[in-house]
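Reader: Please put the structure up. I would like to go through its charged pairs and its sheet.

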Amino acid sequence: MSASIFSRIIDGEIPSDFIYEDEHCIAIHDINPQAPVHALVIPRKPIRMLVDAQPEDQALLGHLMLVANKVALELGVGEGFRLVVNNGESVGMTIYHLHLHIMGGRTYAEQSMG
Ligand code: 5GP
């Protein structure tokens with residue numbers, strides 16, 4: 001299977017500004033934002049999607065959420081943001097490399113209106 005676009009970003013093949021990086025994950029701005037603040041937290045380990053995560057990934061999954069907190073604070077939406085993890089084509093997943101969407105900057109009512 002070919003490397004996902006996210007693996008290519010992580011490996012530096014596709015230049016991208018990282019909002020955050022550490023040995024386990026990176027965070028970048030979404031190229032097609034669906035909210036005023038829309039960032040992605042992506043593990044370096046290419047887990048295909050959440051349902052493929054294994055017990056040994058438990059610490060990594062927790063780490064991704066703590067990094068999402070940091071990134072949300074850094075981007076000024078620490079008081080109100082959503083985390084979204086798409087799992088599968090039927091819910092609109094397009095890149096098969098696990099990632100957390102951080103979305104903020106709009107009120108819940110505005111978000112519900114799409
Ligand atoms: P999914 O639908 O798979 O949960 O989300 C994939 C997300 O990746 C989409 O929101 C899409 O806009 C974003 N995306 C796709 N290609 C790129 C890219 O090359 N760079 C960045 N920064 N985001 C991307």
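Reader: Is E13 buried or exposed?
Author: This is a predicted model. The relative accessibility of E13 is 54%. The cut-off for exposed is over 50%. So E13 counts as exposed.

Reader: Which residue meets the side chain of E13 in a salt bridge?
Author: Side chains of opposite charge can pair when their charged atoms come close. Here the N to O distance is 3.1 Å. The partner has 35% relative accessibility, so it counts as partly exposed. The side chain that meets E13 is that of R8.

Reader: How many residues apart in sequence are the parts that R44 and E21 tie together?
Author: R44 and E21 form a salt bridge, with the closest N and O atoms 3.0 Å apart. R44 lies in the loop between β3 and α2, and E21 in strand β1, so the pair ties together parts whose separation in sequence is 23 residues.
R44 counts as partly exposed at 27% relative accessibility, and E21 counts as partly exposed at 48%. The separation in sequence is 23 residues.

Reader: K45 forms a salt bridge with D57. Is D57 buried or exposed?
Author: The closest N and O atoms of K45 and D57 are 2.5 Å apart. K45 is partly exposed, with a relative accessible area of 38%. D57 has 3% relative accessibility, and the cut-off for buried is under 20%. So D57 counts as buried.

Reader: What is the strand order of the open sheet?
Author: Start at one edge. β1 pairs on one side only, and so does β4 at the other edge. β1 joins β2 through 3 bridges in the antiparallel sense, while β3 and β5 run antiparallel with 5 bridges. β4 pairs with β5 over 4 bridges, and the order of the 5 strands is β1-β2-β3-β5-β4.

Reader: By what angle are neighbouring strands of this sheet turned against each other on average?
Author: The sheet has 5 strands with antiparallel pairing. Direction is ignored for the angle between neighbours. The average is 20°.

Reader: Which residue of β5 stands opposite L40?
Author: Strand β3 covers residues 37–43 and is joined to β5 by 5 bridges. On the β4 side, L83 has I102 as its bridge partner in β5. Opposite L40 stands H101.

Reader: Why is β5 largely enclosed by the rest of the structure?
Author: L100, I102 and G104 point one way from β5. H101 and M103 point the other way, and all are buried. β5 is largely enclosed because the count of buried residues is 5 of the 5.

Terms used:
Residues are numbered from 1 along each chain as its sequence is written. This is a predicted model: local features need pLDDT of at least 70, side-chain atom pairs count only at pLDDT 80 or more; totals for chains, interfaces and linings use all residues. Side-chain values use heavy atoms; hydrogens and water are left out. Buried means under 20% relative accessible area, exposed over 50%, partly exposed in between (1.4 Å probe, protein chains only). Helices (H or I, at least four residues) and strands (E, at least two) are DSSP runs, numbered from the N terminus. Two strands pair if DSSP finds at least two bridges between them. Axes are lines fitted to C-alpha atoms, for helices over the stretch in contact, and angles run from 0 to 180 degrees between N-to-C directions. A salt bridge is a side-chain nitrogen of Lys or Arg within 4 Å of a carboxyl oxygen of Asp or Glu.
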